[in-house]
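Work through the exercises below with the sequence and model open. Each task is followed by a stepwise solution.

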Amino acid sequence: MQPSSVDWELAARLASRAVRPGPSATRAERAELVEGLHRAAETAVPHVARITRLDPPGAADVRVVDRSRWARASVSAVRDMVRIGGGADDPASALAGVRGTVDAAQIAGVLALLSGAVLGQLDPWGRHGPRPGAEPGPDDVAPTGGTLLLVAPTVLGVQRSLAVPPADFWLWVALHEQTHAQQLAAAPWLAEHLARRAVGLLRDPEQTAMDELGAVMALLEGHADVTMDAVGARVVPSVWVLRRRFSARRDSGARANGLRRVLRQALGLDAKLSQYRDGAAFVRAVRRRGGTAALNAVWSGPDLLPTAAEIADPAVWLRRVHG
């Protein structure tokens, strides 16, 4: 099937059916989780603003969802990314010229595999479908900060596996995701820039394009990781236990063998792990040498984003941007 004939609605239906439901929980546990995640997402906003010193605060529309609803929302986000990144109203036209083939089943399969790993996700365009029980309408679009999806079953499963305090973990995850909302609010051009880079990579998967996109993703993820830790133990009492155990969990996944290893490589999960680490090291180095204000210059425009070489050597970015 050629990319121009992707059936996005079919992809959404297949993805929503293919995901695993997640860990079992009582009705009371589910209610507490949903309420706690909403509360954590709200609590995180002023802390993120204080740490990043970015203005205005992100204004993400928070949704706590199951894996099926996350999968559907992700298909919509991919479709929007392709449309916006290709500079066309029709995603089919935007995909014209992409090498290879893409079909609904492939998209659904990838999302089904990822559904057990994604704790949260920021959809910059907010095309998440109607609120439960509501009909689609003109207001069914998120505010400036996008739509923040917190995937309740996965949050619950990871929190249990790490054996950490639930409320601490909820807030810690929310801090990371609300940092992405803050990035988007501070750099309104960022979502379209990423979409164009991603679609360009689909059309011409050269190493240079991969490196460029990887450098931006390293910045975004590293910045969010640094922020979620910088909140400190007064806000998240078990923050250092969380970081230690969560990092060990990431490392354990990277050491997987057999089929798990193949799947991780196919999904780019090991590259994602490297982005977290390299990006966090870049952010810490820039803040240490130039302060938070020096780092925040990165949100001023695409030309000030770090290259892959600058992620590896922050001093080069500091010299280029700040002299």
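## Exercise 1: A long helix checked by its length

Task: Compare the expected span of helix α2 with the distance between its end C-alpha atoms.

Solution.
- Helix α2 covers residues 27-52, which is 26 residues.
- At 1.5 Å a residue, α2 should span 38 Å.
- The end C-alpha atoms of α2 are 37 Å apart, which agrees.
- Keep in mind that this is a predicted model.

## Exercise 2: The bend and the buried side of α2

Task: Find where α2 bends, and list which of its residues are buried.

Solution.
- The bend in α2 is about 30 degrees and sits at alanine 44.
- A proline, proline 46, follows within four residues.
- The buried residues of α2 are Leu33, Gly36, Leu37, Ala40, Ala41, Ala44, His47, Val48, Ile51 and Thr52.
- An α-helix has 3.6 residues a turn, so residues three or four places apart point the same way.
- Arginine 53 follows α2, and its phi is positive, near 60 degrees.

## Exercise 3: The sheet

Task: Give the strand order of the sheet and name its edge strands.

Solution.
- The protein chain has 14 helices and three strands.
- Three strands form an open sheet in the order β1-β3-β2, with mixed pairing.
- The edge strands are β1 (61-65) and β2 (120-123), each of which pairs on one side only.
- Neighbouring strands of this sheet are turned by 20 degrees against each other on average, direction ignored.
- β1 pairs with β3 (residues 147-151) in the parallel sense, over five bridges.
- Along this pair, aspartate 61 stands opposite threonine 147.
- Arginine 63 has leucine 149 as its bridge partner.

## Exercise 4: An enclosed edge strand

Task: Decide whether β1 is largely enclosed or not, and sort its residues by the way they point.

Solution.
- Count the buried residues of β1: five of the five.
- So β1 is largely enclosed by the rest of the structure.
- In a regular strand the side chains alternate between the two faces of the sheet.
- Here Asp61, Arg63 and Val65 point one way, and Val62 and Val64 the other way.
- Helix α6 (residues 152-162) lies across β1 and β3, running at about 50 degrees to β3.

## Exercise 5: Alanine 152

Task: Is alanine 152 buried or exposed, and which residues does it contact beyond its neighbours within four places in sequence?

Solution.
- Alanine 152 belongs to helix α6.
- Its relative accessible area is 8%.
- The cut-off for buried is under 20%, so alanine 152 is buried.
- Beyond its neighbours within four places in sequence, alanine 152 is in contact with Leu33, Leu37, Val64 and Val65.
- Leu33 and Leu37 are among the buried residues of α2, while Val64 and Val65 are buried residues of β1.
- Alanine 152 and glycine 22 are 130 residues apart in sequence, but 8.9 Å apart in space, C-alpha to C-alpha.

## Exercise 6: Where α2 meets α7

Task: Trace the contacts of valine 48 and threonine 179.

Solution.
- Valine 48 is in α2, and threonine 179 is in α7.
- Valine 48 counts as buried at 1% relative accessibility.
- Threonine 179 is buried too, with a relative accessible area of 0%.
- Not counting residues up to four places away in sequence, valine 48 touches Arg53, Leu175, Gln178, Thr179, Gln182 and Thr227.
- With the neighbours within four places left aside, threonine 179 is in contact with Val48, His223, Ala224 and Thr227.
- Thr227 appears among the contacts of valine 48 and among those of threonine 179.
- Valine 48 and histidine 176 are 128 residues apart in sequence and 8.6 Å apart in space, C-alpha to C-alpha.

## Exercise 7: The nonpolar cores

Task: Which elements supply the largest nonpolar core, and which gives the largest share?

Solution.
- The largest nonpolar core has 40 residues.
- Leu37, Leu150, Phe169 and Leu175 have the most contacts inside this core.
- α2, β1, β3, α6, α7 (166-186), α8 (190-203) and α10 (239-254) each supply at least two of its residues.
- The largest share, nine residues, comes from α7.
- A second, separate core of 25 residues includes Leu194, Ala198, Leu220 and Val286.
- Back in the largest core, leucine 175 touches Ala44, His47, Val48, Met228, Val231 and Val236, not counting residues up to four places away in sequence.

Notes. Residues are numbered from 1 along each chain as its sequence is written. This is a predicted model: local features need pLDDT of at least 70, side-chain atom pairs count only at pLDDT 80 or more; totals for chains, interfaces and linings use all residues. Side-chain values use heavy atoms; hydrogens and water are left out. Two strands pair if DSSP finds at least two bridges between them. Axes are lines fitted to C-alpha atoms, for helices over the stretch in contact, and angles run from 0 to 180 degrees between N-to-C directions. Contact means heavy atoms within 4.5 Å. The expected span of a helix is 1.5 Å times one less than its number of residues. The bend at a residue is the angle between axes fitted to the seven residues ending there and the seven starting there. Buried means under 20% relative accessible area, exposed over 50%, partly exposed in between (1.4 Å probe, protein chains only). A nonpolar core is a set of buried Ala, Val, Leu, Ile, Met, Phe, Trp, Tyr and Cys residues joined through side-chain atoms within 4.5 Å.
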